[in-house]
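Here are a few short exercises to work through with a structure viewer open. Try each task yourself before reading its solution.

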Amino acid sequence: MKSLCRTILDMPEFAGLKSRLEGSGGVTMVCGVPPAFRAILAAAIRRETGRFTAILCATDAAATAMAGDVSFFSGLEGVVLPGREPVFYPVEGISRSFEQQRLAVFHQVLQGQAGFLIATPEALMLRTVPPALLKESVIKLAVDEDYPMDELTEKLVAMGYRRADQVEGPGQFARRGGILDVFPAQLSQPVRIEFFGDTVDAMGVFNPVSQRRTDNLRRVEILPAGEVVPAMAPGGLAVLAEKVRNLLKGKKNVPQKLSETIAADAAALENNTPLTAADRYLPLIYPDFACALDYLPEDTVF
């Protein structure tokens with residue numbers, strides 16, 4: 001592995017590439033690199049420049065393969081940003097797994113826990129939650145610190161989590177006395193948080209089937225339950241519902257079906273009923289356009 005990287009680093013062509021990257025930058029074309037060696041070249045660029053590196057691939061499958069290769073050659077984690085299909089029509093039992101994966105990747109990049117981002121151009125350009133809003137939405141809990149339970153559950157609801165009798169999947173939480181179970185969107189197992197008053201007395205991940213704790217935790221971070229959360233709109237659900245109702249205000253010859261759909265969506269928002277087609281209102285939920293590119297350092301090498 002090291003000898004392969006060393007071979008590329010010693011090439012005069014690589015010296016020229018490095019010089020251009022350190023200089024004025026711009027677009028540089030590198031030709032003649034076989035597919036098997038592109039990951040090595042990317043690893044060499046990351047190592048020599050010290051700059052965060054993003055790799056564009058044609059498909060999600062190619063991105064996954066590239067992530068494995070570049071992580072192997074660089075020793076740094078390469079994270080794959082999956083794409084997702086926007087949902088504009090009501091869907092029963094919709095899965096938000098791709099949204100949750102994307103949020104986890106954004107969080108890793110913001111925390112400096114990734115060396116590479118690998119994605120398709122489509123995945124990079126999808127409208128999403130702005131970085132500043134995601135940062136301020138993350139709930140950080142630690143043992144021996146105080147968090148009022150009522151405020152905590154209210155914030156979970158505002159972040160798109162749904163109350164359940166028993167936590168079974170990501171995006172759910174359950175409260176029983178001084179015990180709060182929550183399944184953070186970015187984790188593979190739920191977390192049980194035990195309170196003594198408002199103080200976190202103990203935490204640990206548990207098996208959602210057996211309900212038995214499998215490991216202890218000292219701290220945990222909870223991301224929003226999905227990439228598009230109506231309650232995170234400026235002013236909250238009430239303001240968003242009013243904006244939705246006003247979308248057709250003053251317009252003539254509006255089809256009855258469209259008018260009924262808008263009215264039903266506004267009512268759902270007012271009643272905090274899950275809106276599976278929230279992508280319809282992305283510009284209202286997140287007025288400031290943001291995509292994955294906004295999460296990357298300014299000196300990222302593509």
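The exercises below go from the whole chain to salt bridges, a pocket, a surface patch and backbone angles, all in a predicted model.

**Exercise 1. The whole chain**

Task: Find how many helices and strands the protein chain has, and what share of its residues is buried.

Solution: Start with the secondary structure: the protein chain holds 11 helices and 11 strands. Next, look at its extent, where the C-alpha trace spans about 65 × 60 × 30 Å along its principal axes. Finally, turn to burial: of the 302 residues in the protein chain, 44% are buried.

**Exercise 2. A buried salt bridge**

Task: Work out which parts of the chain are tied together by the salt bridge between Arg 84 and Asp 279.

Solution: First check the contact: the closest N and O atoms of Arg 84 and Asp 279 are 2.9 Å apart, inside the 4 Å cut-off for a salt bridge. Then place each partner. Arg 84 sits in the loop between β2 (78–81) and α5 (97–110), and Asp 279 in the loop between α10 (256–270) and α11, so the pair links parts 195 residues apart in sequence. Now compare each partner with the burial limit of under 20% relative accessible area. Arg 84 has 11%, so Arg 84 is buried; Asp 279 has 8%, so Asp 279 counts as buried as well.

**Exercise 3. Two further salt bridges**

Task: Decide whether Asp 144 and Arg 218 are buried or exposed, then find which helices hold Glu 270 and Arg 245.

Solution: Take Asp 144 and Arg 218 to begin with: their side chains meet at 3.6 Å, N to O. Asp 144 belongs to the loop between β4 (139–142) and α8 (149–158), while Arg 218 belongs to the loop between β10 (213–217) and β11 (219–222), so this bridge ties together parts 74 residues apart in sequence. Both residues are exposed.

Move on to Glu 270 and Arg 245, whose side chains form a salt bridge at 3.0 Å, N to O. Glu 270 is in helix α10 and Arg 245 in helix α9 (residues 236–245), so the pair connects parts 25 residues apart in sequence. Glu 270 has a relative accessible area of 45% and is partly exposed; Arg 245, at 36%, is also partly exposed.

To finish, step back to the whole structure, where a search finds 11 salt bridges. Some share partners, joining Arg 84, Arg 102, Glu 227 and Asp 279 into one network.

**Exercise 4. A pocket and a patch**

Task: Find which residues are closest to the centre of the second largest pocket, and which residues form the nonpolar surface patch.

Solution: The second largest pocket has a volume of about 730 Å³. Of its 22 lining residues, Thr 28, Val 30, Leu 41, Ile 45 and Phe 302 are closest to the centre. Two or more lining residues come from each of α2 (12–22), α3 (35–49) and β1 (53–56). Sorted by class, the lining has 14 nonpolar, 5 polar and 3 charged residues.

For the patch, select Leu 56, Met 125, Leu 293 and Phe 302, which together have about 390 Å² of accessible area. Leu 293 lies in the segment after α11 (282–285) and is partly exposed, at 33% relative accessibility.

**Exercise 5. Positive phi**

Task: Locate Asn 253 and Asn 272 in the chain.

Solution: Asn 253 is not a glycine, yet has a positive phi of about 55°. Asn 253 is in the loop between α9 and α10 and is exposed, at 80% relative accessibility. Asn 272 likewise has a positive phi of about 55°. Asn 272 is in the loop between α10 and α11 and is partly exposed, at 30%.

Terms used:
Residues numbered from 1 in each chain as written. Predicted model: local features only at pLDDT ≥ 70, side-chain atom pairs only at ≥ 80, totals over all residues. Heavy atoms only, no water. Patch = residues over 30% accessible without salt bridge, like charges linked within 9 Å, V, L, I, M, F, W, Y side chains within 5 Å. Areas by Shrake-Rupley, 256 points an atom, 1.4 Å probe, with all protein chains shown as cover. Helix = DSSP H or I, 4+ residues; strand = E, 2+ residues; numbered from the N terminus. Buried < 20%, exposed > 50% of the residue type's maximum accessible area, 1.4 Å probe, protein only. 1 Å grid on protein atoms, 1.4 Å probe; cavity = no way out; pocket = protein on both sides within 12 Å on 5 of 7 lines; lining within 4 Å. Points joined across faces, edges and corners; volume = space filled by probe spheres on them. Nonpolar A, V, L, I, M, F, W, Y, C, P; charged D, E, K, R; others polar.
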